[in-house]
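Colleague: Please take a close look at the empty space in this model and at what surrounds it. A connected account would be preferred to a list.

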Amino acid sequence: MTLLIKNGTIVTATDQYKGDVFVDGEKVTTIGTSLTMSADRTIDASGKYLFPGGIDVHTHLDMPFGGTTSADDFESGTIAAAHGGTTTVVDFAIQYHGQTLHHAWETWMKKAEGKAAIDYGFHMIVTELTDQVEQEMDALVRQGVTSFKLFMAYPGVFMLDDASIFRALLRTGKNGGTICMHAENGGVIDVLVKKALAEGKTAPKYHALTRPARAEAEATHRAIAMAEIADVPIYIVHLSAAEALEMVTEARDRGLPAFAETCPQYLFLSYDNYEEPGFEGAKYVMSPPLRPKETQDRLWRGLAYNDLQAISTDHCPFCMKEQKTMGEGDFSKIPNGAPGIETRMSLVYDGGVRTGRISLNRFVELTSTSPAKIFGLFPRKGTIAPGSDADIVIFDPEKKLRLSARTLHMNVDYNPYEGREVTGVTDTVMSRGRVIIDGGSFTGRAGAGSFLRRNIRT
Ligand SMILES: [Zn+2]
């Protein structure tokens, strides 16, 4: 199968030019002007951008949490991702107490197999670190699971103590893996949560009020300090607070390999959403929580000046009906998470590029190239170049879309951006040369996505 995409504007992290792209099988083979080779299909991309497929390195599909399971599985979640211009996800496999990492990996591979419509990889969440688990980390790195997520929050469930965190960091110094950190001080937060509940403070907004920005900043600082002592890089996931960003900026200014991502919800939503009437605030219960509106400008600055290197979604949807309502009368029982896998590219284009906060090249870098580089997928993914996978998004920069749970494809009964209009919408998407979104309609196949063995950091 060959494909010729003509007359589009090709945008990478560094370039922007008019050109034609020829795809043979799964790969881009030729880029040029006025290409004339015959192809099985020719697509006219006049007036549109060609972006490398979006890479979302933080998703939670089919994930058990707090007595329920995130509402998108690998089928509905990856189809929604494709609609939004994302062609690769890196999800999280979870080691539960008493389990091996291998067991966790196999469990999540089964969840994705036959279902994922786009390519996928896994980070491994380590919740218990024994000598045997350390050896398993090495084995997983060799099998292409080259990053590990650790938690400084959720004591008794996911949280690791500092000694274990430090050992894991040291181990990645040897095996070439990368540690991703959920940085919030879980001990402090747990005390604040219990105190609030004892005082009868049960509404959704107390989720945010018991997770102060300083608890995120403290953990971010501690994580970076431990990585500095271990002499390894570190990647902070879903950074939300300006105070935490200061810690990353300070470390980077000293030349440390500290990296961090933020998410659209922290750029477009704020603490004010928790004050919505009734139980509506539950829609935005996620960890870390939404921050004061002034934080948004600080995060955009961080993105523009490379103190933040990636925008991922932390997509972890729970329906209001029967799921979020588990926490009516006790905010600590509201499942943490919100949908976002489908809306990332349009939101960031509309709110970032069109407003002049970031350049078009930086948009591509933050949503595709930089995550590909950090997580061992580049140059197979993350750019449009001869030899790279033909994961290409044809993006219409003028088309408008009103975001609504009714028309989006995520399997969840609300949308945090309900009614918001964005300009800049995915039109057509290729995943390894197959057209999987065609003029806005899904034409791919569940199960067509492949597991990605990722490289170690270089
Ligand atoms: Zn997450």
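Modeller: One convention is needed for the linings: Ala, Val, Leu, Ile, Met, Phe, Trp, Tyr, Cys and Pro count as nonpolar, Asp, Glu, Lys and Arg as charged, and the others, Gly among them, as polar. The model is predicted, and the account below begins with its open pockets.

The largest pocket holds about 580 Å³ of space. Its lining numbers 28 residues, and those nearest the centre are Phe-65, Tyr-154, Val-157, Asp-190 and Ser-332. By class, this lining comprises 15 nonpolar, nine polar and four charged residues. Among the secondary-structure elements, β7 (64–65) and α5 (186–198) each contribute at least two lining residues; the largest share, six residues, is that of α5.

The second largest pocket encloses about 330 Å³. It is lined by 19 residues, with Phe-259, Lys-373, Ile-374, Phe-375 and Arg-457 closest to its centre. Helix α12 (residues 360–374) provides the largest share of this lining, six residues. Under the convention above, the lining of the second largest pocket contains eight nonpolar, seven polar and four charged residues.

One residue of this second pocket leads on to the sheet. Phe-259, which is among the residues closest to the centre of the second largest pocket, belongs to β14, where it stands opposite Tyr-235. Strands β13 (residues 234–236) and β14 (residues 258–262) are paired in the parallel sense over three bridges. Both belong to an open, parallel sheet of eight strands, ordered β6-β9-β10-β11-β12-β13-β14-β15. The edges of that sheet are β6 (54–59) and β15 (310–311); each has a single partner strand, so one side of each lacks a neighbour in the sheet.

Space that is closed off from the outside comes next. Three cavities of 30 Å³ or more are found in the whole structure, and the largest has a volume of about 160 Å³. Its lining consists of 18 residues, those nearest its centre being His-60, Phe-65, Tyr-154, Asp-314 and Asn-336. Nine of the lining residues are nonpolar, seven polar and two charged. Phe-65 and Tyr-154 have already appeared, since they also lie nearest the centre of the largest pocket.

The largest cavity also leads to the metal site. His-60 and Asp-314, both named among the residues nearest its centre, are protein donors of the zinc ion. The full set of protein donors is His-58 (NE2), His-60 (NE2) and Asp-314 (OD), at 2.0 to 2.2 Å from the ion. Along the chain their spacing is H-x1-H-x253-D. His-58 counts as buried because its relative accessibility is 0%, and His-60 is likewise buried, at 6%.

Aromatic contacts complete the picture. The whole structure contains 22 aromatic pairs. One of them joins Tyr-120 and Phe-451 in a tilted arrangement, with 6.2 Å between centres and 55 degrees between planes. This pair bridges distant parts of the chain, 331 residues apart: Tyr-120 is in strand β10 (residues 119–125) and Phe-451 in the segment after β19 (441–442). Tyr-120 is buried at 5% relative accessible area, as is Phe-451 at 17%. Elsewhere, an aromatic cluster is formed by Tyr-49, Phe-51, Tyr-349, Phe-363 and Phe-395.

Technical notes
Residues are numbered from 1 along each chain as its sequence is written. This is a predicted model: local features need pLDDT of at least 70, side-chain atom pairs count only at pLDDT 80 or more; totals for chains, interfaces and linings use all residues. Side-chain values use heavy atoms; hydrogens and water are left out. Donors are N, O and S atoms within 2.8 Å of the metal (3.2 Å for Na, K and Ca); water is not among the atoms, so sites may look incomplete. Buried means under 20% relative accessible area, exposed over 50%, partly exposed in between (1.4 Å probe, protein chains only). On a 1 Å grid over the protein atoms alone, a cavity is a set of points where a 1.4 Å probe fits but cannot get out, and a pocket is an open set with protein on both sides within 12 Å along at least five of seven lines; lining residues have an atom within 4 Å of a point. Grid points are joined across faces, edges and corners, and a volume is the space filled by probe spheres set on the points. Helices (H or I, at least four residues) and strands (E, at least two) are DSSP runs, numbered from the N terminus. Two strands pair if DSSP finds at least two bridges between them. Rings of Phe, Tyr and Trp (its six-membered ring) pair if their centres lie within 6.5 Å; planes under 30 degrees apart count as stacked, over 60 as edge-to-face and the rest as tilted.
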